[in-house]
Amino acid sequence: MRKPFIAGNWKMYKTAAQAVEFAEEFKKIYKASDVRVAIAAPFTQLWALKKAFEGTGIGVAAQNMHWEDQGAFTGEISAPMLKEIGVDYVIIGHSERREYFGETDETVNKKVLKALAEGILPILCCGESLAVREAGKEKEFVGGQIRADFAGVSAEDAKKVTVAYEPIWAIGTGKTATPDQAQEMCAYIRSVLEELYGDDISEEIAIQYGGSVKPANASELMSQDDIDGALVGGASLKPADFLEIVHF
Ligand code: PGA
């Protein structure tokens, strides 16, 4: 009953012209199916990408946003600014933002609440570092992130959030979590959501796995009970690779 959801995360790659080139190529080979699809691109590409994907059903996502509507926050982009250009989703709390840009569960939570209030669907990232995993504390750590990041989110709104479980040690390293490891953590995340919102709501929330997802490993990961899709970094940059994952 949960529709698979595959989102590409381009990170800081491509110019607007290159984004449109990707979109034109992708549209030629893409066939709409039951799978929800979106591309998360840098801010400068969102407008052009939204236009290029018009009528395809392919969503467009920002990779970050601020929690205030406006103000003296040099270099930041607000939810109403994204809303104006029709952005569908926003990635919030990616581990790279937490690691390099000082994002905390507190700021992540503010952003989640703001995105929901503005009608932009959050893709909320969580995941443990290698050190946390080696200490056997991954559940405690990720459970803590989920509880803090969902603080104040109503049950009705919780259904609109996609959780992306991305173990940091698997991002961009070529070291994918095994399907069993990924399933175990996604099931655990769902159990925390069940504690917070009950069984019915937790069963509706989409949980993606992210971290070195490639055409070769996508279908095995996606066949796990609690994995409803993927957040794909490197392998989303080429239309043919991303398509193979979308058509897992
Ligand atoms: P990767 O990135 O697929 O390149 O490992 C995933 C992500 O950071 O979202």
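Author: A polar contact is a pair of N or O atoms within 3.5 Å. The model discussed here is predicted.

Reader: What makes the pair formed by lysine 11 and the ligand a polar contact?

Author: An N or O atom in the side chain of lysine 11 is 2.8 Å from an oxygen atom of the ligand. The limit is 3.5 Å, so the pair counts as a polar contact.

Reader: Which part of glutamate 166, and which part of glycine 172, faces an oxygen atom of the ligand?

Author: For glutamate 166 it is a polar side-chain atom, 2.7 Å from a ligand oxygen. For glycine 172 it is a polar backbone atom, also with a ligand oxygen at 2.7 Å. Both values are within 3.5 Å, so both pairs are polar contacts. On its own the ligand has 290 Å² of accessible area, and the protein covers 96% of that.

Reader: Which residues around the ligand come nearest?

Author: Lys11, His94, Glu166, Gly172 and Ser212 do, out of 13 residues around the ligand. That shell consists of four nonpolar, seven polar and two charged residues. Gly172 belongs with the polar ones, because glycine is placed in that class.

Reader: How do you know which pocket the ligand takes up?

Author: A molecule sits in a pocket if more than half of its atoms lie within 2 Å of the grid points of that pocket. For the ligand, the space taken is the second largest pocket. About 250 Å³ of space lies in the second largest pocket. Its lining has 21 residues, and Lys11, Ile171, Gly172, Gly233 and Gly234 are the closest to its centre. By class, this lining has eight nonpolar, nine polar and four charged residues.

Reader: How much space lies in the largest pocket, and which residues are closest to its centre?

Author: The largest pocket holds about 430 Å³. It is lined by 14 residues, with Lys11, Met12, Gln63, Arg97 and Phe101 closest to the centre. Helix α4 (residues 95–100) gives the largest share of the lining, three residues. The lining divides into seven nonpolar, four polar and three charged residues.

Reader: Why is the phi of lysine 11 worth a remark?

Author: Most residues other than glycine have a negative phi, which is why a positive one is pointed out. Lysine 11 is not a glycine, yet its phi is about 55 degrees. Lysine 11 is in the loop between β1 (5–9) and α1 (16–29).

Reader: What is the phi of lysine 14, and where is this residue placed?

Author: Phi of lysine 14 is near 75 degrees, again positive in a residue other than glycine. Lysine 14 also lies in the loop between β1 and α1.

Technical notes
Residues numbered from 1 in each chain as written. Predicted model: local features only at pLDDT ≥ 70, side-chain atom pairs only at ≥ 80, totals over all residues. Heavy atoms only, no water. Near = heavy atom within 4 Å. Polar contact = N/O pair within 3.5 Å; in protein donor to acceptor, adjacent residues only side chain to side chain. Areas by Shrake-Rupley, 256 points an atom, 1.4 Å probe, with all protein chains shown as cover. 1 Å grid on protein atoms, 1.4 Å probe; cavity = no way out; pocket = protein on both sides within 12 Å on 5 of 7 lines; lining within 4 Å. Points joined across faces, edges and corners; volume = space filled by probe spheres on them. Helix = DSSP H or I, 4+ residues; strand = E, 2+ residues; numbered from the N terminus.
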